[in-house]
Amino acid sequence: MRQERGSSGRPGKIIAVHLSYASRAAQRRRTPAAPSYFLKATSSIAATGEAIERPAGTELLAFEGEIALVIGRDARRVGIAEAWEHVAAVTAANDLGVYDLRAADKGSNLRSKSRDGFTPLGPDLIDARTVDPDRLRVRTWVNGTLVQDDTSAGMLFSLAQIVADLSQHLTLETGDVILTGTPAGSSVIVPGDVVEVEVDALDTGASSGRLVTTVVAGDSDQGFDPALGSVAAVDDVQREEAWGSRAAAGLPETPGRGLDADLREKLERVPVAALSQQLRKRGLDDVTIDGVRPMHPTRKLIGTAATLRFIPFRADLFARHGGGFNAQKRAFDSVAPGEVIVIEARGETGSGTLGDILALRAHARGAAGVVTDGGVRDYAAVAEVGLPIYAAGAHPAVLGRKHVPWEAGVTIACGGTTVQPGDVIVGDADGVIVIPPALVAEVVDDALAQEHEDAWIAARVAEGEPVDGLFPMNAAWRARYDGERGA
């Protein structure tokens, strides 16, 4: 690929975006409000067909297929409307990185991503003037298997916004390269693996061609010297991020995403009303998801929250975020066993927020259930799936009538209450309640104790005792209860 600047044929600078695709944000369970960036050394550029080394003593070399932009005209403080005019070409990139080296970099990614050969580009340039920047596709194959497939329509920040934003802070010069981030599917590669990345234009069919990179093992005699600085180190956080998930990394689920068997058994025995009472004693009186009813009133719902947010319908936003592998589909396709998909639909029941296909997918993945303050389409078919689902009603229309699927894995509002990923969700015929994870153990134990006490009081009332002084118990009744319980 021909470069525009520098005596070595390299660009003046390479700027990369940390997190830019909705699919990747959902996978990472964090969604940035604005783009953030890091720099890569221009000496990291490689061409198609070149081999790259996994450094000796490391295990977490990961690929990231990306759309790369080549600046064709200097840009300084340009707006979004004219930003694309400063882009000369589009091509494929592989933003390689070694997660073992991230710890000391504090987000700069200097050591982990700037090694020689860690920015393969090419092989061909697509003329930016001939394509729609919102209709570019990036795909990645590892050893012939397609592992990444997303489009610029699935980005949190448009390509033009990224160019305009960067130009506020520094001059983008002719020949500079911007790596625009990677979608979900990035994972670990090992010596012997072959990675291919291609960018193409969905409207014209123009392609960058396949960017091919082969991984080789680094020379064991060229490891890192601890006397000079920080060396390779990994932990489970880095393993999960490098592989893409805890399951892919061979790690057990974290406590926050699941409930142990003992706690789940206790929650099975406690009604939502008792949990509500205990939370109110702790000052939490706004933790019920209101306006939703169960499809299966006799089924208990217990799990941890995986969140999904819809925003009000707007045609231009739906065109960018409503199609393809959108946030709604990603949420249902990535829900973990034991999780409850909780959907913010603003109480708008004028269209469905899920249907039978997505309910089947959630059930197949082992989801604990779904809670939506919006509507459900294919209501009867969804009910037949058998998944515990709480909804505000039924409606035959698809979500594009009222909603745009916007983001997943963020704090949302559902049925008037705040829900964060990892919150404990419990539902029964009375409704659904949200319990902060840090409180759930003590709340359920106190609720069980209260249930035992209430059952004892009910037995006395059934025997003919008046409720005055018994409910709540006065000192005499309390002494009798404590005596019988001790016996």
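The accessible surface of the protein adds up to about 20,500 Å², and carbon and sulfur atoms hold 51% of that; such areas come from the Shrake-Rupley method with a 1.4 Å probe, and for residues only the protein chains shown count as cover. The model is a predicted one, where local features need pLDDT of at least 70, side-chain atom pairs count only at pLDDT 80 or more, and totals for chains, interfaces and linings use all residues. Residues are numbered from 1 along each chain as its sequence is written, and side-chain values use heavy atoms, leaving out hydrogens and water.

As for the overall build, the protein has 13 helices and 28 strands (DSSP runs numbered from the N terminus: H or I of at least four residues for helices, E of at least two for strands). Its C-alpha atoms fill a box of roughly 95 × 55 × 40 Å along the principal axes. Of the 487 residues, 50% are buried.

Now for two residues, side by side:

| Residue | Place | Relative accessible area |
|---|---|---|
| Arg139 | strand E11 (residues 136-142) | 17%, buried |
| Val467 | loop between helix H12 (440-462) and helix H13 (475-486) | 47%, partly exposed |

Why does Arg139 count as buried? Its relative accessibility is 17%, and buried means under 20%, exposed over 50%, and partly exposed in between (1.4 Å probe, protein chains only). Leaving aside neighbours within four places in sequence, Arg139 is in contact (heavy atoms within 4.5 Å) with Leu146, Gln148, Asp149, Glu196, Val197, Glu198 and Asp200.
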